[in-house]
Amino acid sequence: MLTKAGLAILDVLSSGADATAQELAAETGYSRKQVYRVVDDLLDKGVLDESRAQHNQRVLRASDDPIVEAYRDLTSNLGHVDWADLLSPATIQVCWYLDEPRRITTIADRLGITRQAVHKALSPLKNRAMLAPAGPEYALADDLHPLLEFANTVVRHGHRNRVRRLAPSATIAWYDPKRALVQVQTSEDTEKLQNADDWDVTGLAEFQAYGLQFFLAGEPAFWYAPDDDLTLADIVCHTLVLNTDSRRVSYAMLLIEQERIEQETLTETATWYGLDSMIPRMYRLIDEGTDAADEMEAGSPLPSAQEYAALKDQYGVV
C-alpha cells in the first residue's frame with residue numbers, strides 16, 4: 001500500500017520533474033534516511049525510475065506506472081486538495097469501498113478492520129466535506145470519482161506487484177484490498193505459485209479435490225487471501241468470476257449439489273463478487289429441476305434442466 005511518505009514523494013515527482021533524494025527530503029519534510037527507504041520501495045514497485053548524475057548521485061523521476069497516471073488525473077481534476085497530507089493507507093483502502101453508500105459496519109466487515117478504524121480513516125474526508133451521507137451510510141461525493149479511481153489503482157497495483165514477483169505472466173481477475181484472484185499463462189508460473197506461501201489453487205482446477213475432474217484449457221487460477229481460508233463458496237464464485245458460460249455454471253452447480261453448499265452461505269459470499277443475483281436461479285434449477293432458460297440474464301446463462309440432468313448423470317452426482 002502507498003504510504004503517506006510515498007504519496008508525498010509521488011506528489012513532488014508527478015509533475016514530471018526530476019529530483020535527488022536530498023531534494024525530495026527538503027520538499028517533503030521527511031528525513032533523508034526515510035526518503036531513501038521509501039524511494040527504494042517505490043523503485044522496487046515500479047512507481048519511480050532512477051538515473052545517475054555526477055558523483056553517482058541518484059536522480060529520481062515518476063515512471064509511467066498506472067498509479068502515477070491515476071495520481072496525475074486526481075491532482076488535475078482536484079488540485080485544490082493536499083492529497084499527500086489527506087490520504088493514509090487506511091483512508092485509501094476505505095475509499096476503495098465507497099463506490100456506493102455503505103454503512104460503517106459493512107465497511108469494517110469487508111475490509112477486516114474495526115469500526116473505530118473506519119471512523120478514523122473517514123475523518124479526513126468528513127472534515128473536508130468529501131462524503132455524501134445518506135442516512136447512516138457514507139459514499140464519496142459525486143465529484144470525487146478520480147479519488148475512487150486512484151484508490152482502485154493503488155489496491156490493484158499492490159496485488160499486481162506481489163504476484164508478478166513470483167509469476168510474471170499473472171493477470172488479476174478480481175481483487176479487494178486484502179484478496180486477489182489471478183490467472184497465469186505459463187506452466188512455470190503455475191509451479192511457482194503452487195510452491196509459494198499464501199497462494200491457493202482455486203476455481204475449476206480445485207474441483208478435483210472433491211471428486212469432480214474436468215478438462216482444463218490453460219493454467220489454473222490462484223487465490224491470495226492470507227488471512228482467510230479458501231471455502232467451497234469461494235471456489236464456486238471464483239469459477240463464475242472467471243467464466244459464466246452455461247458449461248461453467250453447470251460445473252459450479254455440480255459442486256454446490258454434491259457438497260450441499262447452503263444457499264445462504266453462497267449468497268453471502270457471492271455478494272462480494274457481484275454474483276448474488278445468479279444464486280437463487282441456480283438453486284431453483286438444482287432444487288426444483290425447473291428449466292430457468294426464460295430467466296437468464298445477459299452474461300450469466302444457466303443450462304437447461306435437461307442439460308444439467310445429463311451432466312449430473314455423467315458425473316454421478318445425486
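A residue is called exposed here when its relative accessible area is over 50%, and buried when that area is under 20%. In the predicted model examined here, this distinction separates the two faces of helix H13, which spans residues 263-273. The face of H13 turned away from its buried side carries Glu 264 and Glu 268, both of which are exposed. The buried residues of this helix are Leu 266, Thr 269, Ala 270 and Tyr 273, and because they cover an arc of only 105° around the axis, they lie on the same side of H13. An α-helix has 3.6 residues a turn, so residues three or four places apart point the same way. The cover over the buried residues of H13 includes strands S6 (171-175) and S9 (221-224), together with helices H11 (232-242), H12 (246-259) and H14 (279-288). After H13 comes Gly 274, which has a positive phi, near 70°.

Helix H11, one of the elements covering H13, is itself mostly covered, with 8 of its 11 residues buried. These buried residues are Ala 233, Asp 234, Ile 235, Val 236, Cys 237, His 238, Thr 239 and Leu 240. Among the elements that cover them are the strands S7 (180-183), S8 and S9, as well as the helices H12, H13 and H14.

With respect to aromatic side chains, the count comes to 9 ring pairs. In one of these, the rings of Phe 214 and Tyr 251 have their centres 3.9 Å apart and their planes at 20°, and the pair therefore counts as stacked, for which the planes must be under 30 degrees apart. This pair links distant parts of the chain, since Phe 214 belongs to the loop between strand S8 (199-202) and S9, whereas Tyr 251 belongs to helix H12, 37 residues apart. Both partners count as buried, Phe 214 because its relative accessibility is 7% and Tyr 251 because its relative accessibility is 11%. Ring pairs also link Phe 207, Phe 214, Tyr 251 and Tyr 315 into a cluster. A contact of another kind involves Arg 102, which lies over the face of Tyr 97 at 4.0 Å from the ring centre.

Two packed helices are described by the angle between their axes and the distance between the axes. For helix H6 (residues 89-96) and helix H8 (residues 115-127), the axes come within 8 Å and cross at roughly 80°, which means that H6 is roughly perpendicular to H8. At this crossing, Ala 90, Thr 91, Val 94 and Cys 95 of H6 meet Ala 121, Leu 122, Pro 124 and Leu 125 of H8. Helix H7 (residues 104-111) also packs against H8, at an angle of about 105° and with the axes 9 Å apart, so that H7 too is roughly perpendicular to H8. In this second case the contact is made by Ile 104, Thr 105, Ile 107 and Ala 108 of H7 and by Arg 115, Val 118, His 119 and Leu 122 of H8. Leu 122 of H8 thus takes part in the contact with H6 and in the contact with H7.

Over the whole protein chain, there are 15 helices and 9 strands, and of the 318 residues 47% count as buried. The C-alpha atoms fill a box of roughly 75 × 50 × 30 Å, taken along the principal axes. Of the contacts in the chain with a separation of 6 or more, 58% are accounted for by residues 24 or more positions apart.

Terms used:
Residues numbered from 1 in each chain as written. Heavy atoms only, no water. Buried < 20%, exposed > 50% of the residue type's maximum accessible area, 1.4 Å probe, protein only. Helix = DSSP H or I, 4+ residues; strand = E, 2+ residues; numbered from the N terminus. Arc of directions from axis to C-beta. Contact = heavy atoms within 4.5 Å. Phe/Tyr/Trp six-rings, centres within 6.5 Å; stacked < 30°, edge-to-face > 60°. Lys NZ or Arg CZ within 6 Å of the ring centre and 35° of its normal. Axes fitted to C-alpha atoms, helices over the stretch in contact; angles between N-to-C directions. Parallel < 35°, antiparallel > 145°, perpendicular 65-115°, else oblique.
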